[in-house]
Each structure stands twice: as C-alpha cells, then as structure tokens.
Amino acid sequence: MPGTGSRIAVRHAASAAEYIPPRASLSRLRAAATRCRGCDLWTCGRTVFGEGPRTAQVMLVGEQPGDQEERAGHPFVGPSGRVLDAALAAAGIDRDTVYVTNAVKHFKYERGEKSARRIHKKPRDSEMRACRPWLLAEIRLTKPRVIVALGATAARSLLGPQFRVTKHRGKPVASEWAAAVVATVHPSAVLRAPPAERARAERAFFADIRAVATVIGNTSD
Ligand code: URA
Ligand code: SF4
C-alpha cells in the first residue's frame, strides 16, 4: 500500500491509563504518577499530583502546575494558589480539608526569548485526555460531593468541550463525577485582570467559591 512503508513505528503511550495501578490507595497512585509517561509532558519536570484528605468533600481542579508548583512538587503554591487561598478563607473553607489537584499533572512551558524563565503554555486536548485517567482515579478514591473546576481546561475535562464557564460560572451542575460540579474562572484570570477590573474579578471569583461553601452547607444535614 502506498505510504505505509514510510511510517516509522514510534510507540507512544496513548494515555496515563496504563500507569495506574488497579485498586491503589491515594499514596500508591501518587507514587505511580511520578513514573507516568502517558504523554510527552513527562519530560517537563516532576509530576505534581493532587493533595488533600481522602475524605475531602470538596475537590478543586486547576489546569496544570505552574513554575513554582513544579519546583515545590505541590499544587497551587504560587501566585494563583495565593488567590485561591484567599477565596477559600473568605468562604470559610479550610484548605486542609479540601483535595486540590489539576487536570494535567505536568507543567507545560516554553522558554522566554530573553530570559530562561519558564513560561506557561496551555496543554493540548490530547494532553488533557492523556492525563484524565489520573483525575478520574482521584475522584473515584475521594468521592467528593462538590468538584470545583477552576478555569476552562478543568471544566472541559470534567464537563465536556461544549461547557462555557462564562455562561455557567458559580452554578452547581449535576454530573457523573459528583453531586455538584461548580465551574469558575482560573484564579490566574484574577491576577491578569487589568487594574480597573481587578477588584471586580476578585469579587466574582470569591462569590463562586462561596457558592461551593453553600452547596456543602445545604447538603450536609
Ligand atoms: N495553576 C493551576 O492550574 N494549577 C496549579 O497547581 C498552579 C497554577
Ligand atoms: Fe502522565 Fe499526565 Fe504527565 Fe502526561 S501530563 S506524562 S499523562 S502525568
């Protein structure tokens, strides 16, 4: 057949699925994720897995770790994490009680032209799909009552490509993953807002996180 002979057979793992040990605990999952080669991003540094108690009622899902998260090996410890911490505190949610993770577990970046700074690059759909089995395994184990999708990438991964954060932000939607999924903007959107918009963006983000507190409060009796 024309063309077939010219293909070089390079084998890529289609996704993280084959790296996930069956019936594993969270700590075994985390250990296995350090060896994941489910997509090409494994070359970008260390795996930053989710963190939090197995019994967490709330799971927060970001996009991917950033520069500081990759260095520290923990999710949401950089500038976006500080915005998130402030929103959680304002909503009366203790961060130690929530499970914090990302749709993609590796930091995707490019080098700056003038400096060696690592600049965040959006993950592709194929990378999100490849990494999704880790997120689903985390959900299966923690069984959160509410999942918060922080930004479009997390919302896409959990609610599909049609879902529009701008249209549905802050509104709990039922899903196969949890009784409620609440999508909002990514905290970096608050940081990137122009100065005149910043306070408003922060208020809106804080209000969405407060809606999460309401959902848990409303369903806890
Ligand atoms: N942005 C994310 O989406 N996740 C992190 O962990 C840090 C920044
Ligand atoms: Fe594995 Fe996800 Fe990292 Fe890709 S981004 S190598 S699927 S952990």
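Start with the largest pocket of this predicted model, which holds about 800 Å³ of space. To find its middle, select Ser80, His120, His186, Ser188 and Arg192, the residues that lie nearest the centre among the 32 that line the pocket. If you then colour by secondary structure, the elements that give two or more residues to this lining are the helices α2 (67-72), α3 (79-90), α5 (152-159), α6 (165-168) and α7 (187-192), together with the strand β4 (118-120). Colouring the lining of the largest pocket by residue class instead gives 11 nonpolar, 12 polar and nine charged residues.

Next, select ligand 1, which sits in this largest pocket. Show as sticks the residues that surround ligand 1, and you will have Gly62, Glu63, Gln64, Pro65, Gly66, Glu69, Pro75 and Phe76, followed further along the chain by Asn102 and His186. By class, this shell around ligand 1 consists of three nonpolar, five polar and two charged residues.

Three distances are worth displaying here. From a polar side-chain atom of His186, draw a line to an oxygen atom of ligand 1, and the viewer should give 2.7 Å. At Glu63 the partner is a backbone N or O atom, which lies 2.8 Å from an oxygen atom of the ligand, while at Phe76 a polar backbone atom is 2.9 Å from a ligand oxygen atom. How much of the accessible area that ligand 1 has on its own does the protein cover? The protein covers 93% of that area, which amounts to 240 Å² for the ligand on its own.

Now leave the pocket and select ligand 2, whose space is the largest cavity. The structure holds one cavity of 30 Å³ or more, and the volume of the largest cavity is about 90 Å³. Of the 13 residues that line this cavity, those nearest its centre are Cys36, Cys39, Lys105, His106 and Cys131, and the lining as a whole divides into eight nonpolar, three polar and two charged residues.

Finally, display the residues around ligand 2 itself, working along the sequence: Ala16 comes with Cys36, Gly38, Cys39, Leu41 and Trp42, then Val104, Lys105 and His106, and then Ala130, Cys131 and Trp134. Which classes make up this shell around ligand 2? Nine of its residues are nonpolar, two are polar and one is charged.

Technical notes
Residues are numbered from 1 along each chain as its sequence is written. Chains are lettered from A and ligands numbered from 1 in the order in which they are written. This is a predicted model: local features need pLDDT of at least 70, side-chain atom pairs count only at pLDDT 80 or more; totals for chains, interfaces and linings use all residues. Side-chain values use heavy atoms; hydrogens and water are left out. A residue is near a molecule or strand if one of its heavy atoms lies within 4 Å of it. A polar contact is a pair of N or O atoms within 3.5 Å; within protein, one must be able to donate a hydrogen and the other to accept it, and residues adjacent in sequence count only if both atoms are side-chain atoms. Accessible areas come from the Shrake-Rupley method with a 1.4 Å probe; for residues, only the protein chains shown count as cover. On a 1 Å grid over the protein atoms alone, a cavity is a set of points where a 1.4 Å probe fits but cannot get out, and a pocket is an open set with protein on both sides within 12 Å along at least five of seven lines; lining residues have an atom within 4 Å of a point. A molecule sits in a cavity or pocket if more than half of its atoms lie within 2 Å of its grid points. Ala, Val, Leu, Ile, Met, Phe, Trp, Tyr, Cys and Pro count as nonpolar, Asp, Glu, Lys and Arg as charged, and the others, Gly among them, as polar. Grid points are joined across faces, edges and corners, and a volume is the space filled by probe spheres set on the points. Helices (H or I, at least four residues) and strands (E, at least two) are DSSP runs, numbered from the N terminus.
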